[in-house]
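Reader: I should like to learn how salt bridges, chain interfaces and cavities are read from a model. May we take them in turn?

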Amino acid sequence: MSTVLLEEILINAISKNLDGLGHIAVGASSPIPGAAALLARTRSNGSMRVSILGSEDNNFFSDGGKEIFDIAGQGRMDAFFLSGAQIDGKANVNLVAVGDYNQPKARFPGSFGSGYLYFVVPRVILFRLEHTPRTLVKEVDFISAPGFSDGDIYRPGGPYKLITDRCLFHVNKQKKCFELESVHPGHTVDEILEQTGFEFLLPNNEVPETETPDDATLKVIRGEVAREISEIYPSFASRVFGIK
Amino acid sequence: MLARELTIEELASEIPDGSKLALPPDYAYCALSAVRALIRQQKRELHLVGVPSLGFQADMLIGAGCVATVETAAVTLSEYGLAPRFTAAVKSGSITMMDATCPAIHAALQASEKGIPFIPLRGLIGSDILKNRKDWKVGNNPFADEKDDPIVFLPALKPDVALIHAPIGDKFGNVWVGVRREQMLMAHAAKTTYVTVEEIVEGNIMEDLQLKAAAIPGIYINVIAEAKNGAWPIGIPGGYDSDHQHLKGYVELAQTAEGFDQYKNEHIYNSKAEAAE
């Protein structure tokens with residue numbers, strides 16, 4: 001197999017967190033999470049559903065825009081992906097603005113479904129491909145969705161992992177913070193410490209390297225997963241997998 | 001009962017300044033030809049409601065100075081990048097933002113649909129969305145067993161006008177929207193609904209049970225207007241694709257107020273554009 005791309009390492013790493021689940025939903029503008037969900041589905045013997053917003057082939061909803069939220073509210077969605085212009089050490093997500101809310105320095109599209117889905121979907125995987133002190137901050141400027149809630153708030157869902165272009169964190173629910181799980185090939189713990197704006201826990205033992213997909217997995221990623229993802233994200237599929 | 005059939009210009013003239021105007025996102029059916037007429041008629045102080053998000057329609061209306069308030073879960077031009085006139089307006093403070101989350105818009109419209117004053121929704125507690133929405137309240141679940149169960153209460157959201165586009169309608173005002181059923185929710189919840197359609201077809205849509213299953217009945221539809229390619233430059237699902245070159249060109253021009261005015265003069269105000277509507 002040729003050189004393994006970062007995208008393929010991310011797709012593989014994310015997919016490992018989805019095995020055994022029944023229904024994975026993927027939001028708009030998320031080609032890597034979408035591919036990861038499709039990869040996990042190939043291992044599920046037909047027991048996993050994947051719905052991808054914006055897809056015609058992988059979208060079984062028929063009751064309008066509200067249905068995906070109603071499904072999540074009932075507990076019929078096991079995993080979802082969220083990103084953020086900023087993510088902080090308490091797993092708060094900001095999709096709205098940098099600076100003062102009423103006169104922001106930067107304004108982004110908005111919170112979309114995050115203020116709800118983060119509360120009700122059991123495994124929310126945070127995904128940010130720019131791992132810098134600018135994006136992974138001490139404290140977000142606007143909380144679209146809080147990482148954790150007080151005891152009396154209904155909260156079956158919440159953050160599960162945070163994956164970036166440099167590493168993978170898992171969520172320490174007791175301490176309400178992130179803990180470094182693995183570092184992607186070519187990156188170091190020192191670099192992660194330097195490039196992360198928030199404090200996080202380090203494991204007691206040496207931090208492992210994020211697994212590189214084996215040849216069989218790569219074949220699936222570059223084959224059927226790439227073909228399916230090109231329906232929704234043609235420019236991504238063309239850039240990464242050379243699918244025209 | 002027959003629906004009133006108007007021209008696009010007449011339809012737009014019935015939407016008053018200050019209306020609470022519900023619009024769908026770009027991936028649904030957007031009545032862009034009617035939006036251009038609103039801009040030509042220099043509407044002011046509109047309160048846009050995104051169901052649940054907004055796109056090019058909102059950016060153009062904001063750029064043209066038609067908008068006072070934006071209530072939405074997001075304003076996005078998806079792969080075309082940030083919405084330039086929206087972003088500039090928020091930064092300068094020229095519009096009031098009512099940030100929401102998608103299911104809050106759907107749920108609040110469902111309260112209007114049912115004719116009830118409010119609806120509870122999970123999530124939101126601890127977010128700055130909630131903190132900035134003085135019209136939303138946190139109460140206790142009245143059916144909670146022993147311990148408190150705080151939950152958000154949203155007041156019913158009743159737009160003055162829902163403005164949508166659809167592939168086909170008939171002279172009775174029945175409109176087929178297919179799988180885009182949020183347009184049905186909009187029509188159920190709004191005081192009045194104005195629809196532009198690609199084609200006003202012969203006969204009665206409700207006599208075909210397959211069409212009826214995905215149609216808004218005329219009882220909700222006040223006015224219908226025929227607008228071939230009425231969503232252009234956006235596409236319609238199962239119909240025509242978005243005009244990518246045009247949308248890219250819009251986003252480039254709309255980076256500045258002057259550029260937006262140039263776009264407006266070329267594509268919205270000029271007589272050729274008007275005659276084509």
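Author: Let us begin with one pair in this predicted model. B:Glu9 and B:Arg40 form a salt bridge, and their closest N and O atoms lie 2.7 Å apart.

Reader: Why does the pair of B:Glu9 and B:Arg40 tie together separate parts of chain B?

Author: The general idea is that side chains of opposite charge can pair when their charged atoms come close. In this case B:Glu9 belongs to helix H1 (residues 8–13) of chain B and B:Arg40 to helix H2 (residues 32–40) of chain B, so the salt bridge links parts 31 residues apart in sequence.

Reader: How many salt bridges does the structure hold over all chains?

Author: Over all chains there are 21 salt bridges. Two salt bridges are found across the interface of chain B and chain A. At that interface, A:Arg107 pairs with B:Asp99, with 2.8 Å between the closest N and O atoms.

Reader: Which elements of chain B give two or more residues to the side that touches chain A?

Author: These elements are helix H4 (84–92), strand S5 (96–99), helix H5 (102–114) and helix H6 (128–131) of chain B. The largest share comes from H4(B), which gives five residues. By class, the side of chain B that touches chain A has 16 nonpolar, eleven polar and nine charged residues.

Reader: How should the extent of the interface be described, and how many residues of each chain are in contact?

Author: One may state both the residues in contact and the area that is buried. Here, 36 residues of chain B are in contact with 35 residues of chain A. The two chains, B and A, bury about 2900 Å² between them, and 61% of this lies on carbon and sulfur atoms. Between chain B and chain A, 13 residue pairs are in polar contact, counting pairs with both residues at pLDDT 80 or more.

Reader: Let us turn to cavities. What is the volume of the largest cavity, and which residues line it?

Author: A cavity is a space in which a probe fits but from which it cannot get out. The count comes to one cavity of 30 Å³ or more, and the largest cavity has a volume of about 40 Å³. Its lining includes A:Ile153 and A:Tyr154 from chain A, together with B:Leu121, B:Arg122, B:Gly123, B:Ile125, B:Pro150, B:Ile151 and B:Val152 from chain B.

Reader: Which strand gives the most to the lining of the largest cavity, and how does the lining divide by class?

Author: Strand S8 (residues 150–155) of chain B gives the most, with three residues. The lining has seven nonpolar, one polar and one charged residues.

Note on methods
Residues are numbered from 1 along each chain as its sequence is written. Chains are lettered from A and ligands numbered from 1 in the order in which they are written. This is a predicted model: local features need pLDDT of at least 70, side-chain atom pairs count only at pLDDT 80 or more; totals for chains, interfaces and linings use all residues. Side-chain values use heavy atoms; hydrogens and water are left out. Contact means heavy atoms within 4.5 Å. Buried area is the accessible area (1.4 Å probe) that two parts lose on being put together, summed over both. A salt bridge is a side-chain nitrogen of Lys or Arg within 4 Å of a carboxyl oxygen of Asp or Glu. A polar contact is a pair of N or O atoms within 3.5 Å; within protein, one must be able to donate a hydrogen and the other to accept it, and residues adjacent in sequence count only if both atoms are side-chain atoms. Helices (H or I, at least four residues) and strands (E, at least two) are DSSP runs, numbered from the N terminus. Ala, Val, Leu, Ile, Met, Phe, Trp, Tyr, Cys and Pro count as nonpolar, Asp, Glu, Lys and Arg as charged, and the others, Gly among them, as polar. On a 1 Å grid over the protein atoms alone, a cavity is a set of points where a 1.4 Å probe fits but cannot get out, and a pocket is an open set with protein on both sides within 12 Å along at least five of seven lines; lining residues have an atom within 4 Å of a point. Grid points are joined across faces, edges and corners, and a volume is the space filled by probe spheres set on the points.
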